[in-house]
Amino acid sequence: MKKLMILCAVILGFTITASAQDNKKAEFKFSEEKHDFGKIAQGKPVTTMFEYTNVGEEPLILTDVRPTCGCTIADYTKTPVKNGAKGTIKITYSAAAPGAFSKAIVVTSNSKTPTKTLYIVGEVVTQPTK
């Protein structure tokens, strides 16, 4: 019985230590996670910036920002973002094909939530010929 109590205490100690370390990890908070471009003209690329703040204690490092479509280009802060500092992810959509669109951008980092998905939506409209 005594050995069982010691084993439980050790397991509890490891659990508390592991959760305390998780609280120190980097974590981002986005000002918006979905951007609506509304109606945009065909053939005129549009750009938006997703801004985030590192609300964790460790520096936040984005390891990859990958759009799910070749019609979207991403550029992002590549240096570590310290606690309380801000970083950006710049997304450009080509607007080549007419119609409604909804595109996902997958962000991979060293944060508590290692994968985050951002979205851009809108509608590409053709311009009337004159």
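In this predicted model, I73 sits across from T92, a residue of strand β6. That facing pair belongs to a stretch where β5 and β6 (residues 86–93) run antiparallel, joined by 5 bridges. From there, it helps to step back and see what else the chain does: the protein has 1 helix and 8 strands.

**The overall picture**

- Going along the sequence, you meet the pieces in the order α-β-β-β-β-β-β-β-β.
- The protein has 130 residues, and 32% of them are buried.
- Take the contacts with a separation of 6 or more: 65% of them are between residues 24 or more positions apart.
- The accessible surface is about 8,300 Å², and carbon and sulfur atoms account for 59% of that.

**The four-stranded open sheet**

- Back to β5 and β6: they are part of an open sheet of 4 strands, lined up as β1-β3-β6-β5 with antiparallel pairing.
- The edges of this sheet are β1 (28–30) and β5 (72–76); each has a single partner strand, so one side of each has no neighbour in the sheet.
- On average, neighbouring strands here are turned by 25° against each other, direction ignored.
- As a bit of background, strands in a sheet pair through backbone hydrogen bonds, and the pairing can be parallel or antiparallel.

**Strands β4, β7 and β8**

- Strand β7 (residues 99–109) pairs with β4 (residues 62–67) over 5 bridges, in the antiparallel sense.
- Within that pairing, V65 faces V107 of β7.
- Strand β7 also runs antiparallel to β8 (residues 115–125), and 10 bridges join these two.
- One facing pair to look for here is S102 with V121 in β8.
- Together β7 and β8 make a hairpin, with 5 residues between them.

**Aromatic rings**

- A search of the whole structure turns up 5 aromatic pairs.
- One of them is F28 with F30, a tilted pair with 5.1 Å from centre to centre and 55° between the planes.
- F28 and F30 are both buried, and they form one aromatic cluster with Y52.
- Another pair is Y93 with F101: the ring centres are 4.0 Å apart and the planes are at 20°, so this one counts as stacked.
- F101 is buried, as is Y93.
- There is also a charge-over-ring arrangement to spot: K78 lies over the face of Y76, 4.4 Å from the ring centre.

**A closer look at Y93**

- You'll find Y93 in strand β6.
- Its relative accessibility is 6%, and that is why Y93 counts as buried, given that the cut-off for buried is under 20%.
- Beyond its neighbours within four places in sequence, Y93 is in contact with I40, P45, V46, C71, T72, F101, K103, I120 and V124.
- F101, the stacking partner of Y93, is therefore one to pick out when you browse those contacts.
- K44 is 49 residues away from Y93 in sequence, yet their C-alpha atoms are 8.9 Å apart in space.

Terms used
Residues numbered from 1 in each chain as written. Predicted model: local features only at pLDDT ≥ 70, side-chain atom pairs only at ≥ 80, totals over all residues. Heavy atoms only, no water. Buried < 20%, exposed > 50% of the residue type's maximum accessible area, 1.4 Å probe, protein only. Contact = heavy atoms within 4.5 Å. Areas by Shrake-Rupley, 256 points an atom, 1.4 Å probe, with all protein chains shown as cover. Pairing = 2+ DSSP bridges. Axes fitted to C-alpha atoms, helices over the stretch in contact; angles between N-to-C directions. Phe/Tyr/Trp six-rings, centres within 6.5 Å; stacked < 30°, edge-to-face > 60°. Lys NZ or Arg CZ within 6 Å of the ring centre and 35° of its normal.
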